[in-house]
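Thanks for making time for this one. I would like to walk through a few local features and then step back to the sheets, a pocket and the chain as a whole, so please keep the structure in view while I talk.

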Amino acid sequence: MEEWKKYKLGDISTMKYGKLPPSSEGYKYPIWSGYRYVGMADTFNCSKGTLVVVARGVGGTGDVKVAKEDCFLTNLSISVVVDTQICNPYYLHYKYLIKNLRYLDSGSAQSQITIDALKNLSIEIPSLVYQNKVVAFLKSLDDKIEINKRINDNFYYAFFEVMLIWLLTSLENDNLEQQAQAMFKSWFVDFEPFKNGEFVNSEQGMIPKGWKAGSLEDITAQKAEKVCDRVDMKVLSPVTTGQLMLSEEYFTKQVFSESITKYKVVEIGDFAYNPARVNIGSLGRNNYNFDGCVSPVYVVFSCKDGYAYLFDLYRKTEKFKTEVNLRAIGGVRQSLNYKDFTFIQCIIPPLHVVENFNVIYEHFIDMQKHTYEESERLVSLRDTLLPRLMSGELNLNVTNL
């Protein structure tokens, strides 16, 4: 059994509170408030590799991470510089990933952890050699998860460069959302694949011949089926990220009625939005592999065959958001009924064009799904092994690993 030793965290580290960000904006070091990025500074007070504890704030108090770069910590965090001859800071990060330090809360009106509480924290750790082996093993899983995330973030550019380099030449290798919008813009705003064809004038400017300057009425249809006596329904909620999420998983308490018989069915691939909140992005698509339902006050609609991806990308553009704000009525809680929603203008390409686009886009989605599922498996594996490694129940052979 690996030998473990007991310490007070204050005996093997030095600690200090962060402070308020500098008044002048700089350009070199990111400012972190808790773990929320809030800007850039021209100085830093936390070095790369330092253990960071969220000392107070909403929802994150007690979380522990290691700074990936030199940065500036606000007064919501405490930096903990451990003696690396005794302890690997990443080992403590993983140790408190199992159970964060929220239990050290001082009990004040605002959730808070003090330096004194951290200094008096008793910890039991194995030898540095064993710590390093545990960290190397767990970081290998986390690194793979991060690689998968980057593949999802950057896959489109690499894939599309190979498949359609002769069509698209101006994409930048950026994050997934920007790349997806760049793909949409290239095809359906700048018409790059169709530059050599004939163009005609329309109410919405020059468009390829055979296309239509229309509105959402041309590609959507409202639906109003009720749940009634169906027992296989799960309640979905549009959230501001632009997705339909399972309410029971997204919210910490039940936000829907006990009886959902009057709720509206949202079939696989259909869209739903809250008319009173659509101006802040409360619109999403059912991307689950089962039918769901939403509150009776919501609008549910489907897209005509072939046009779902087109609308799904169009709704994330500034043009769509502007159209929504122009057509919504009311004050802070603007409302947009389906009839007015269908008046939103858009360019309608022929079906064969969107079908060609869909083939390419579906390859991208499949790759994204594959890497996401692999990451989920790795996260599950890491979280299963984590408590056993931290307790010493599962022993790593330090000579063979």
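C228 is partly exposed, because its relative accessible area comes to 47%, and I should say at once that this is a predicted model, so that what follows is read with that in mind. C228 sits in the loop between β13 and β14, the latter covering residues 234-239, and its phi is near 55°, which is a positive value in a residue other than glycine.

Let me set F191 beside it. F191 also has a positive phi, of about 55°, although it is not a glycine, and its place is the loop that runs between α4 and β10, where β10 is residues 199-200. Is F191 buried or exposed? With a relative accessibility of 7%, F191 falls under the 20% limit and therefore counts as buried.

Since C228 follows β13, let me turn to the sheet that holds this strand. Four strands form an open sheet in the order β13-β20-β17-β18, and the pairing is antiparallel. The edges are taken by β13, residues 220-223, and β18, residues 283-285, each of which pairs on one side only. On average, neighbouring strands in this sheet are turned by 30° against each other, if direction is ignored. Inside that order, β17 (residues 271-273) and β20 (residues 299-303) run antiparallel and are joined by 3 bridges, and F271 stands opposite F301 in β20.

There is also an open sheet of 3 strands, with the order β4-β3-β7, and here the pairing is mixed. Why is one side of β4 and of β7 left without a neighbour in the sheet? Both β4 (36-41) and β7 (72-73) stand at the edges with a single partner strand each, so one side of each has no neighbouring strand in the sheet. The pairing of β3 with β7 is in the parallel sense and extends over 2 bridges, with I31 opposite F72 in β7. Staying with β3, which spans residues 29-33, we find S33 in that strand. S33 counts as buried because its relative accessibility is 15%, and, leaving aside residues up to four places away in sequence, it touches V38, T74 and L76.

Now to the second largest pocket, whose volume is about 360 Å³. Its lining is made up of 21 residues, and those that lie nearest its centre are F184, F188, V189, Y314 and K319. Two or more lining residues come from each of α4 (176-188), α6 (308-314), α7 (318-327) and β21 (345-348). Which element gives the largest share of this lining? That is α4, the helix we met just before the loop with F191, and it contributes 5 residues. Sorted by class, the lining holds 14 nonpolar, 4 polar and 3 charged residues.

Finally, the chain as a whole. How many helices and strands does the chain have? It has 9 helices and 21 strands, and of its 401 residues, 44% are buried. If we take the contacts between residues at least 6 apart in sequence, 69% of them join residues that are at least 24 apart.

Terms used. Residues numbered from 1 in each chain as written. Predicted model: local features only at pLDDT ≥ 70, side-chain atom pairs only at ≥ 80, totals over all residues. Heavy atoms only, no water. Buried < 20%, exposed > 50% of the residue type's maximum accessible area, 1.4 Å probe, protein only. Contact = heavy atoms within 4.5 Å. Pairing = 2+ DSSP bridges. Axes fitted to C-alpha atoms, helices over the stretch in contact; angles between N-to-C directions. 1 Å grid on protein atoms, 1.4 Å probe; cavity = no way out; pocket = protein on both sides within 12 Å on 5 of 7 lines; lining within 4 Å. Points joined across faces, edges and corners; volume = space filled by probe spheres on them. Nonpolar A, V, L, I, M, F, W, Y, C, P; charged D, E, K, R; others polar.
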